[in-house]
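Here is my note on the structure, written as numbered points. Keep the 3D view open and check each point as you go.

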Amino acid sequence: MNEAFLRACKGERTKPVPVWLMRQAGRYLPAYQKIRSDTDFLTLCKTPELAAKVTLQPVDILGVDAAILFSDILIPLEGMGTGLEFHEGRGPVLNPPVRTEQDINRLRPIDPVAHVPFVLETIRILRKELSDKVPLIGFSGAPFTLATYMIEGGTSKSFVYTKRMLFETPSLFSRLMDLITESTLSYLKAQVEAGAQALQVFDTWAGSLCKEDYERHALPYATRIIDGLRDAGVPIIYFVFNGGHVLESIHSSGVDVIGLDWRTEIETVVSRLGPDIVVQGNLDPCALFLPEIELKQRIASVLSQGRKAKAHIFNLGHGILPEISPEKAKLFVKMVHELSA
Ligand code: CP3
């Protein structure tokens, strides 16, 4: 078993630097498209044999140092009682949205074994299949990001309904956040029990809050999850997209690994938080459109900045785009390995 990823999570500097890609299983891979051509996305997530199969595709095709469970951050919300559909080209739809006290009363805490058995079964299959390969990462959304999907009813640009609830009726918002936090905690614990060896918590939309609001309405809930998993014994990565203005707050959560998007250079992060941090990231996903020589220079730059931290896991600063060729993704992984060997 290639343990480089887990060792780096625990703060060990490794040669080569481990690398995986957010959204590494997905539409840029013809092997994924082939399965998706006759299976809709939700069915794929809920069929353990198929979900396990697409999880393994990037491990075999790209040679990444970790596998990430194939699922979606919105899957447990359906278990909590929201509607969930994925519309081609429009993204996720949660109908009806959660905006009133009555809406919240309709929700229930998730029971992972009853509501998402397919996720746990996918993890069990994967641990068998991956036993001599790479570690398996489980994941969830962070409470704030999950709340935005519930309250907006889907993807949003301004988060007007979320922010309206949080400013107009903060006690209602915190009730919803408490419910999501408890559910996420039991969901992640169940993933670890099933065999997940590390966890990533995605806070994709918390960067839309200013520091004061992030510290009041997002961070405490994410921290509760991180604290609540302390005894589970697996490293946790907390990824706040667009979170350069709240790095100190993120660090105060005590999380093992700080996931970074591409906007804040690792150098800057180290100078702000000190060298005793483990970072994951952070090449702009669009840098994969660069010609080879320039891509190599960018990777070398991120690697040399990563050496200023206690340990570094290489990744993109957000998910790989469907427009990237599998050959380029493969080259990217090879370059990271060669340049850090
Ligand atoms: O990283 C992986 O390979 C594991 C699987 C994974 C998916 N989604 C599969 C997926 C993970 C970890 C996620 C997380 C996720 N999902 C996030 C957080 C990370 C981020 O991107 O910031 C968010 C915000 C979502 C919500 C979501 N899921 C949206 C907005 C969409 C539609 C947009 C899109 O890219 O199509 C999805 C769908 C989705 N989730 C797809 C995949 C592979 C595409 C589905 C398809 O058409 O096949």
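1. Start with two terms. A pocket here is an open set of grid points where a 1.4 Å probe fits, with protein on both sides within 12 Å along at least five of seven lines. A molecule sits in a pocket if more than half of its atoms lie within 2 Å of the pocket's grid points. The model is predicted, so read each value below as computed from a prediction.

2. Where does the ligand sit? It occupies the largest pocket. Two elements give two or more residues each to the shell around the ligand: helix 2 (30-36) and strand 3 (91-93).

3. Now look at the shell itself. It holds 23 residues. By type, they divide into 13 nonpolar, 6 polar and 4 charged. Those that come nearest to the ligand are R23, Y32, D72, T204 and H318.

4. Which side chain has an N or O atom 2.4 Å from an oxygen atom of the ligand? That is Y32. The side chain of H318 also places an N or O atom by a ligand oxygen, at 2.6 Å. With Q24, the partner is a polar backbone atom, and the distance to a ligand oxygen is 3.2 Å. How much of the ligand does the protein cover? On its own, the ligand has 860 Å² of accessible area, and the protein covers 88% of that.

5. R23 deserves a second look. This residue is among those nearest the ligand. R23 lies in the loop between helix 1 and helix 2. Its phi is near 60°, which is a positive value in a residue other than glycine.

6. The loop between helix 1 (4-9) and helix 2 also contains P16. Check the bond before that proline: K15 and P16 are joined by a cis peptide bond, with omega about -5°. A further cis peptide bond runs from N95 to P96, where omega is near 0°. P96 belongs to the loop between strand 3 and helix 6 (101-105).

7. Next, the sheet. In general, strands of a sheet pair through backbone hydrogen bonds, either parallel or antiparallel. Which sense applies to the open sheet of 7 strands? Its pairing is parallel, and the strand order is 1-4-5-6-7-8-9. Strand 1 (67-68) and strand 9 (311-316) are the edge strands, each pairing on one side only.

8. Finally, zoom in on one pair within the sheet. Strand 6 (residues 236-240) pairs with strand 7 (residues 257-259) in the parallel sense, over 3 bridges. To find the place, look for F239, which stands opposite G259 in strand 7.

Definitions and conventions:
Residues are numbered from 1 along each chain as its sequence is written. This is a predicted model: local features need pLDDT of at least 70, side-chain atom pairs count only at pLDDT 80 or more; totals for chains, interfaces and linings use all residues. Side-chain values use heavy atoms; hydrogens and water are left out. A residue is near a molecule or strand if one of its heavy atoms lies within 4 Å of it. A polar contact is a pair of N or O atoms within 3.5 Å; within protein, one must be able to donate a hydrogen and the other to accept it, and residues adjacent in sequence count only if both atoms are side-chain atoms. Accessible areas come from the Shrake-Rupley method with a 1.4 Å probe; for residues, only the protein chains shown count as cover. On a 1 Å grid over the protein atoms alone, a cavity is a set of points where a 1.4 Å probe fits but cannot get out, and a pocket is an open set with protein on both sides within 12 Å along at least five of seven lines; lining residues have an atom within 4 Å of a point. Helices (H or I, at least four residues) and strands (E, at least two) are DSSP runs, numbered from the N terminus. Ala, Val, Leu, Ile, Met, Phe, Trp, Tyr, Cys and Pro count as nonpolar, Asp, Glu, Lys and Arg as charged, and the others, Gly among them, as polar. Two strands pair if DSSP finds at least two bridges between them.
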